[in-house]
Protein chains: 4
Amino acid sequence: MQCRSRSARTGRPRSAAADAAILAATRTALVELGWSKLTLGYVATLAGVAKTTLYRRWAGKNELVVDAVAELFDELELPDRGSLAADIEGVVLQFAAILDRPEAKTALMAVVAESTRDEPLRERIRTSIVDRQKRLVLEGRARAQARGELPPESDPADADRTAALIFDVVAGAVVHRTLVSAEPADEEWVRSFTRILLVGLTGAAADAAQ
Amino acid sequence: MQCRSRSARTGRPRSAAADAAILAATRTALVELGWSKLTLGYVATLAGVAKTTLYRRWAGKNELVVDAVAELFDELELPDRGSLAADIEGVVLQFAAILDRPEAKTALMAVVAESTRDEPLRERIRTSIVDRQKRLVLEGRARAQARGELPPESDPADADRTAALIFDVVAGAVVHRTLVSAEPADEEWVRSFTRILLVGLTGAAADAAQ
Amino acid sequence: MQCRSRSARTGRPRSAAADAAILAATRTALVELGWSKLTLGYVATLAGVAKTTLYRRWAGKNELVVDAVAELFDELELPDRGSLAADIEGVVLQFAAILDRPEAKTALMAVVAESTRDEPLRERIRTSIVDRQKRLVLEGRARAQARGELPPESDPADADRTAALIFDVVAGAVVHRTLVSAEPADEEWVRSFTRILLVGLTGAAADAAQ
Amino acid sequence: MQCRSRSARTGRPRSAAADAAILAATRTALVELGWSKLTLGYVATLAGVAKTTLYRRWAGKNELVVDAVAELFDELELPDRGSLAADIEGVVLQFAAILDRPEAKTALMAVVAESTRDEPLRERIRTSIVDRQKRLVLEGRARAQARGELPPESDPADADRTAALIFDVVAGAVVHRTLVSAEPADEEWVRSFTRILLVGLTGAAADAAQ
DNA sequence: AGATAACCGAGACGGTACGTCATGTCTTGGA
DNA sequence: TCCAAGACATGACGTACCGTCTCGGTTATCT
């Protein structure tokens with residue numbers, strides 16, 4: 001998350017409480033102000049911390065917000081719900097629930113937009129947020145294959161490509177539904193979406209197997 | 001785009017040339033600086049126009065950028081390529097090509113992020129950009145139904161829901177692939193995506209028809 | 001006051017009412033806003049006149065304000081009150097009454113300040129305002145000499161110098177009392193001032209005559 | 001000159017050098033541009049200081065200019081020249097010399113004009129500038145009374161009124177001569193003025209004593 | 001125990017951009 | 001030719017944040 005240049009041993013150590021306070025304050029400020037009106041000075045005030053302390057640990061607004069939002073994605077998990085359909089529905093609902101929070105809504109697209117011109121930021125988003133979701137796709141597929149709902153992959157490269165595609169479809173659809181269409185990704189929508197995705201996946205896999 | 005409250009007849013009329021110059025300058029500035037570092041002052045300078053002229057016509061950066069980017073979507077169209085698969089591939093490739101431009105890349109997600117806290121802005125995005133794409137989904141489906149590739153819809157409300165779902169899936173997937181995964185939505189990817197979508201659509205429609 | 005460049009014959013003649021309205025509006029605006037916050041746009045609005053009309057007749061704020069304030073000094077006159085002392089007291093009270101008006105208070109020193117860097121403006125002030133007062137000094141002295149209260153001047157150049165000196169003392173004292181000390185130039189003050197001035201004048205004249 | 005509300009101990013202290021640089025830059029800018037065209041931004045640039053630093057210490061242009069000009073009056077003093085006449089001539093010449101500087105010329109009347117609508121500003125002018133001169137009147141009178149040139153005052157209230165009157169006459173005459181009449185307050189003029197004033201003062205005092 | 005070193009709060013600093021306002025000019029349609 | 005209306009280029013306004021810096025003071029670990 002952040003590192004000090006040298007000699008982490010001597011001198012007063014950084015306050016651990018400050019980190020948590022700052023990230024929480026960032027989320028609060030995101031809810032209050034949105035991304036574009038959020039200022040580091042206000043975050044510092046909210047956290048009861050000097051601006052200097054903030055800059056000592058994060059390079060800027062983008063990095064701070066990524067870290068603050070990334071914590072929201074820690075709760076994502078994939079309990080075995082017995083079928084691929086149920087697993088997909090479950091994780092999509094979880095993801096939609098996170099996106100429904102105002103701090104995530106306003107921040108996620110903003111940092112993605114920033115990342116189009118900032119490679120390190122994109123990398124940070126990838127490791128902090130995106131990969132956390134991608135993992136679920138891989139787990140879900142492995143589980144479905146173990147259940148026999150999906151055939152095992154023959155070509156590993158093709159398997160990676162397919163996983164990436166599924167991920168883009170799932171995450172993209174939920175994000176678009178939530179932020180652009182601004183409609184709730186509720187159970188009915190998720191069920192419709194899952195049906196199409198599932199039919200598409202199994203059907204396309206069957207085609208490919210022929 | 002903009003309107004004057006009253007008495008459109010009196011006084012010096014607004015320069016039509018200025019509008020075009022400003023929108024073009026906005027796109028140039030987006031390429032040069034990205035969304036977050038774009039300055040209305042700089043846009044005005046680029047356009048050879050006073051800052052006040054800019055503020056007289058747009059409420060702020062967001063509105064201006066939406067209008068500037070919206071023009072990019074004017075080129076979207078849906079020529080009959082003979083099959084539903086070809087139609088989908090064609091329009092997805094067009095959409096991906098627009099998203100690949102740096103001015104669209106940096107601006108689109110940014111204004112969507114802003115729109116999460118600004119209802120009028122969301123409405124503006126919807127009418128200027130989103131509906132332009134949504135129309136293609138409706139046309140494509142109608143054409144596919146005429147060809148017999150898709151069954152006619154019985155329930156109009158259900159038809160609307162399905163169209164919205166398809167739209168979220170298509171647009172969301174392309175956007176996510178391009179901006180979040182930061183991988184090109186090239187022909188191979190589009191073909192894979194189209195296959196899954198198509199199988200899903202026809203299969204799900206067949207399920208529903210049973 | 002203002003002049004048109006050429007051919008005062010052809011085309012629509014300038015509205016005479018507009019001039020009066022503008023000057024009155026200027027005084028109103030001076031009272032409302034003071035000199036530094038007065039804007040020509042606001043004067044135009046108050047006068048029910050277009051800004052263009054205003055600029056067609058005056059070169060700028062300073063010139064307009066001088067003309068607007070100069071009208072206040074039209075009322076200055078020197079009725080024969082029977083003695084030099086009474087004449088002086090009378091004119092000083094008149095002058096103090098004008099300076100007590102808020103539009104004169106705020107405007108007079110402001111244009112004088114501007115005139116320190118604007119020779120044409122100083123000339124305009126002199127002819128429009130200052131000479132109007134100076135004349136009274138000359139009239140008063142002539143009348144006092146006719147009454148025998150003051151000896152006739154032998155050297156005309158010396159007479160001019162003395163008149164200028166008296167004028168500076170009288171006008172300066174009243175202005176300073178009113179604007180800098182911000183105390184009223186009431187009858188008591190005027191009487192004290194007049195006594196000193198009168199003693200000084202007659203005594204100094206007697207000294208010089210020795 | 002300026003003060004901080006509380007806790008003068010914490011945080012980075014204000015730069016003392018900045019104050020001096022800003023006031024000097026203000027005087028330079030006054031000479032270059034005059035009062036009405038003086039810009040706080042330009043003063044900041046001249047002083048090599050950020051605009052915010054300037055606004056942190058002064059409320060606006062008026063307050064800044066008063067402080068900048070007030071420093072000019074620090075040099076006023078009243079050495080004993082042996083007689084009341086010589087003392088008056090000496091101080092009037094000093095005062096006239098200050099008023100002859102372009103920065104004082106353009107600024108003094110301007111801030112007085114502003115002060116007609118701004119009570120705190122008037123107070124600031126009084127304490128920073130006017131009282132500095134007024135003191136000289138009191139000293140001069142005390143010295144003249146010690147010398148026996150003027151009778152001692154019996155009524156203190158009357159003494160105050162007379163001092164104020166003398167001050168208005170002296171300062172007003174010099175200012176009017178210099179700024180309105182725009183003639184130099186040279187030795188000849190000062191001698192004539194002093195004679196009238198002196199005769200007036202001693203004569204009127206003698207009248208009152210009768 | 002004392003020295004050392006990095007931390008902390010507060011807040012001033014030089015900058016940059018903001019969005020607004022006034023200036024003085026211009027361009028309409030109409031009198 | 002004048003007028004009211006209002007758009008125009010220009011440039012200053014006073015404010016807000018940025019990211020850096022300097023203070024006095026506070027913990028820690030290392031001598």
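How many residues do chain C and chain D each bring to their contact? The contact takes 45 residues from chain C and 45 from chain D, where contact means heavy atoms within 4.5 Å. The model described here is predicted, so local features need pLDDT of at least 70 and side-chain atom pairs count only at pLDDT 80 or more, while totals for chains, interfaces and linings use all residues. Residues are numbered from 1 along each chain as its sequence is written, chains are lettered from A and ligands numbered from 1 in the order in which they are written, and side-chain values use heavy atoms, with hydrogens and water left out.

A good place to start is the single chain. Chain A has nine helices and zero strands; helices (H or I, at least four residues) and strands (E, at least two) are DSSP runs numbered from the N terminus. Read along the sequence, the pattern of chain A is α-α-α-α-α-α-α-α-α. The C-alpha trace of chain A spans about 65 × 40 × 30 Å along its principal axes.

Two stretches of chain A carry annotations from UniProt. An unreviewed entry gives "domain: HTH tetR-type" for residues 16-76 of chain A, and "DNA-binding region", also from an unreviewed entry, is listed for residues 39-58 of chain A. UniProt positions are given in the numbering used here, feature names are shortened, and annotations may be inferred rather than shown by experiment. In the model, residues 16-76 of chain A are 77% helix and 0% strand, with end C-alpha atoms 25 Å apart. For residues 39-58 of chain A, the span is 75% helix and 0% strand, and the end C-alpha atoms lie 13 Å apart.

Within chain A, R101(A) forms a salt bridge with E75(A), the closest N and O atoms being 3.2 Å apart; a salt bridge is a side-chain nitrogen of Lys or Arg within 4 Å of a carboxyl oxygen of Asp or Glu. This pair links distant parts of the chain, 26 residues apart: R101(A) sits in the loop between α5 (84-100) and α6 of chain A, and E75(A) in the loop between α4 (61-70) and α5 of chain A. Over all chains, the structure holds 72 salt bridges.

Attention now turns to how the chains meet. Between chain C and chain D about 3,800 Å² is buried, 66% of it on carbon and sulfur atoms; buried area is the accessible area (1.4 Å probe) that two parts lose on being put together, summed over both. On the side of chain C, the residues that lose the most area to chain D are R117(C), D168(C) and I196(C), together 16% of what that side buries. The rule finds two salt bridges across this interface of chain C and chain D. R161(C) forms a salt bridge with E188(D), with the closest N and O atoms 3.1 Å apart. There are also 14 residue pairs in polar contact between chain C and chain D (both residues at pLDDT 80 or more); a polar contact is a pair of N or O atoms within 3.5 Å, and within protein one must be able to donate a hydrogen and the other to accept it, while residues adjacent in sequence count only if both atoms are side-chain atoms. Two or more residues of the side of chain C that touches chain D come from each of α1 (16-33), α6 (102-115), α7 (119-147), α8 (156-180) and α9 (187-209) of chain C. That side of chain C divides into 23 nonpolar, ten polar and twelve charged residues; Ala, Val, Leu, Ile, Met, Phe, Trp, Tyr, Cys and Pro count as nonpolar, Asp, Glu, Lys and Arg as charged, and the others, Gly among them, as polar.

Chain A and chain B form an interface too. Here 45 residues of chain A are in contact with 46 residues of chain B, and about 3,800 Å² is buried, 66% of it on carbon and sulfur atoms. The count between chain A and chain B is two salt bridges. E188(A) forms a salt bridge with R161(B), the closest N and O atoms being 3.1 Å apart.

How are the copies related? Chain A can be laid on chain B with an RMSD of 0.2 Å by a turn of 179° and a shift of 0.1 Å along the axis, the superposition being by least squares on the C-alpha atoms of residues with pLDDT of at least 70 in both. The two copies are thus related as by a two-fold rotation axis. Because 100% of the interface residues of chain A are also interface residues in chain B, the copies meet through the same surface. For chain C and chain D, the RMSD is 0.2 Å after a turn of 180° and a shift of 0.1 Å along the axis. By contrast, no contact joins chain A and chain C, whose closest C-alpha atoms lie 32 Å apart, and chain B and chain C do not touch, their nearest C-alpha atoms being 11 Å apart.
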